[in-house]
Every structure is written in structure tokens, then in C-alpha cells.
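Student: Hi! Could you walk me through the aromatic side chains in this one?
Tutor: Happy to, let's pull it up.

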Amino acid sequence: MIKPARYIVVILFVLAVAGTFGLFQVRATINEPAGLLTPWPHNGTNLRITSVRLYDPDSGDLKSVDAVDIRHGRITAIYGTGDSIPDHYGATLEGRQRVLLPGLTDFHVHLGASDGRPPWAMDGLAMVSVASQREAFLYSGITAVVEGSPNALAALDQALAPSPRVYPSTRMITALDGHPIPMYQEFVPWPMTGLVIDEQVLAIASADTSAGAIEALVNGPGHHVKLVLDGAIPWDSPRLTEADVAAVVKHAHAAGKPVYVHIGSAQDAVMAARAGADVLMHTPYVDLLSDSDLAELKASGVAVVTTAQIWEWFQRGLNKQPALTGLERQLASPGLLAAWADDWHRASADYQSTTFSQDYLARLSGFNANLTENLKRLYQAGIPQIAGTDTGIPGLTPGASLIRELQLLQSYGLAAPDLLRMATSAPGTLLGDSNSGRIQPGSAADLVLVEGDPTSDVSALAELAYVIQAGVVYQRRQ
Ligand SMILES: [Zn+2]
């Protein structure tokens, strides 16, 4: 149940937005389909996929399989070579020796937050189509997304269009005036500023003084509890203590919810891990992880989301290198495509911001270098990593950016079978339901069929023939 106070906040938010843009127009905008996918014409409750090479995340191998049976959205049987196959009454999708993988997960997204434009190209509160973002994820083979913040438009979001599974977040618990509050104060226009902050954030002076509010939050809606521990956005901003994080973890775990922590520095990462966090939503970027940091992270069992592009986008825009991928050209918003074509040296040099000042922009290439090195150190140390993008921040595109994330990580030396695990079985295990990121009887039929062999090059994921969501087959619109 939504508590009355929260309900009023949602209504006020809706009214405020309605006053500015017109409720119906907002509703139409966020539910506007992109028409990227067409349902396969033979969809029904019984489906057989024949003749595929099936990807097993545990071994990393491809296994030739004669048939995979799906009923009411779940895998019911897998028939290997030589197995006797019962008669089938229903639709048959010919696999033609393509590779069948579990659908991919993007473990860090902000649905409806932005269309990916850099801050200097933002235009007030730009309304985006959440429906078209959902389609873009599926179009790219992503059948599950984990939210890094609550979707402020969820009350208006009808979820009628094809969609990945969405794992919603609670409000973000942070310090008074901690990240992301200064960012919202700067970028969310009046009269929405305060309403959006209340909708998105629970700011606490300490876990003790706010125990009641934390208890209400962990027992409210949301699949996981999101907490922010980062003093670097803007530089030297307030952050929670390790004791606060540990107290929130205790409340959340007692309520049966995992805690996903946004971190900035190596120290933030170690503090969160010590405090019992389940997942770190970023690879540290403020500084480098030492050997003892890595040992502590490993001992804690915490998993770390890659988010390799959170600062790389800026350098990429300045240099126009590397060029946009094929999927980005197909799926990026018109606003991002237009901004990408600009001269970023000039556009960013004229940009005035308190959060992203010129001094701050000068730090970004260092942040990116640290993050890249930390990604490699985590990988070498055998610490569990999960693929995720932070889509909703500048430069990123729903769906396309996860495929690029995997390509970028491959270019850093991470092996393709490990990367496929980071996007399938590793998140599946953490999310811990029947959508397990594995292809086995009983698991949800969230699948992708691709043309090439992604176990030797993850770029093959971009050449997708079909995406299957809960047993419903979709094709890309030509
Ligand atoms: Zn995020």
C-alpha cells in the first residue's frame, strides 16, 4: 500500500506537471510507443524453438540442442541430440543453429529520467517516452532492468508497450544535502524541484534519528533499497557514515530487501561492503582500489556493477571517438544525436553549472581513468561483477548502451564468456527469482536468439534475430 503522505506527494507532483504541460499531453508523451518491435505472428501459449546452440553461463559453452519447449511463459523441457522428442501442438520457431541465450539484464538504469543529452543541451524538464525506452531495451535483447532510483513518472506510466521486467527501487537514502540533492536542485526546474526531491530521496541526519522513516521506507514499495554514499558529486559534498549504512542494511535485511549502494571512492566501496551492502552500483571512480581494498571487497562477497561509461561519455563527445555504434544510431534520442554532432569543446566551455563546474569537468578524464583501472583490478581479483550502465545519465541510450558496455569491457581485456555471465546468470542469481538468467526447465522464457557467436565476441549480441519476453516472441521492425 502507498502511504497517504506519499500518495499526496505523487498527486501534487502530477498536478504540478499537469499545470505546466497539461496532464494528457504528459501522459501521452511518456506512454508514446516507438514501434520498434513487432510481435511474431504465431505467438501462443505453447512454443517450441528448434535447432539452436544453447549458451550455458555456468560452463561458458555452446551446446547443440534439438528443441526447447516453452509453455505459458516458462521453459518446460530441453531436448538434446538423441533425446526422443514428443509431438508438439503449438507454434514452432526455427532456430536455424542460431545461439540461444538468456535475455540480458542492465543492472543500473533510471527509466524516464532523461533522454541522454549532456547537461548543457538540456531543455528544462524534458519529458521522455518511458514506453519507447522499454521497447529500446527489449530491442537490444535486454529482458530485465534494475532501477537505480524510483521512476517519478511511474504513476502515469501504463506499461502497455512491450517491456523488460523492471526491478523498482525505493527512494534513495542519502545524507542531508548529499548526492543527488544538489544535482536535483540545479537541474529540476521550479515548481517541481522540492516535489521531485521528496519523491526520489530520503535525506537523513543519521540512521538513529531517522529510524522510523527508514523502517517505513524498507517496508514500502520497491524491490531493493537504494542508498547513496558518495562525497564527490559535487566535490566534497556530505555523505553518510559507515554506521548509518550498517543500520540501513540491518533494517532492509530484516524486511527481506537487499541494499544496493551508489559509491564514488575506494573508501566508499570498502565502507559499504563492510556495512553489509549486497551490491555496489558503480565501480569506484574517485581514486584507485588498493590491494587491501580488493581483499576486503572479496571477503565481503559484495558484487560490483560495471558502469564503465559514466564518465567516458564526456571524453567520447569531445573527441567524437569512438563513433556511435549501429544500435546507438538506431535508438539514441533525437536530442542526444543532435548534441553528439555539436562541438563539445565549445559547448562545454561556455557551460555554467554549480554541480558540473569547469573545474569539475576537468576532473572527468581522471575519474574515467580510475574507473577503467578499477574495473580491471576487480576482474583480476575475481570479485563478482555485474553488467550495468546507469542509463539516464548523459551520453547513454536505453539498450544500446548495455551492448556497448560489454564491447568496451571486452576491449579492456575482459573475456567474452565472463561478460555474458555478468549480463545473464550473475544478475539472475542476485535477483533470485525464477527469472534466473539461465536456460533450464522452470525458468522464465526470457531469451534472445542471435546470429553470430557472442562467446567469442560480444558484438554478436547486436545482431539479434528474436527477443522473447515471458514466452512472447518479438522481432525488430525492419
Ligand atoms: Zn544511477
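Tutor: One definition to begin with: a charge sits over a ring if NZ of Lys or CZ of Arg is within 6 Å of the ring centre and within 35 degrees of the ring normal. Keep in mind that this is a predicted model.

Student: Okay, so where does the charged end of K320 sit?
Tutor: The charged end of K320 is over the ring of W340, 5.4 Å from the ring's centre.

Student: And which ring face does R476 lie over?
Tutor: That would be Y139, with R476 at 4.4 Å from the ring centre.

Student: Switching to ring pairs, how many aromatic pairs does the structure hold?
Tutor: There are 16 aromatic pairs. One of them is W120 with Y351, an edge-to-face pair at 6.0 Å centre to centre, with 65° between the planes.

Student: Why does that pair tie together parts that are apart in sequence?
Tutor: W120 is in the loop between β7 (104-109) and α3 (130-139), while Y351 is in the loop between α13 (344-349) and α14 (358-380), so the pair links parts 231 residues apart in sequence.

Student: Are W120 and Y351 buried or exposed?
Tutor: Both are buried.

Student: What about F356 and Y360?
Tutor: Their ring centres are 5.6 Å apart and their planes are at 65°, so this pair is edge-to-face. F356 counts as buried at 13% relative accessibility, and Y360 is buried with a relative accessible area of 3%.

Student: Which residues form one aromatic cluster with them?
Tutor: The cluster consists of F187, W235, Y285, W311, F356, Y360 and F367.

Technical notes
Residues are numbered from 1 along each chain as its sequence is written. This is a predicted model: local features need pLDDT of at least 70, side-chain atom pairs count only at pLDDT 80 or more; totals for chains, interfaces and linings use all residues. Side-chain values use heavy atoms; hydrogens and water are left out. Rings of Phe, Tyr and Trp (its six-membered ring) pair if their centres lie within 6.5 Å; planes under 30 degrees apart count as stacked, over 60 as edge-to-face and the rest as tilted. Helices (H or I, at least four residues) and strands (E, at least two) are DSSP runs, numbered from the N terminus. Buried means under 20% relative accessible area, exposed over 50%, partly exposed in between (1.4 Å probe, protein chains only).
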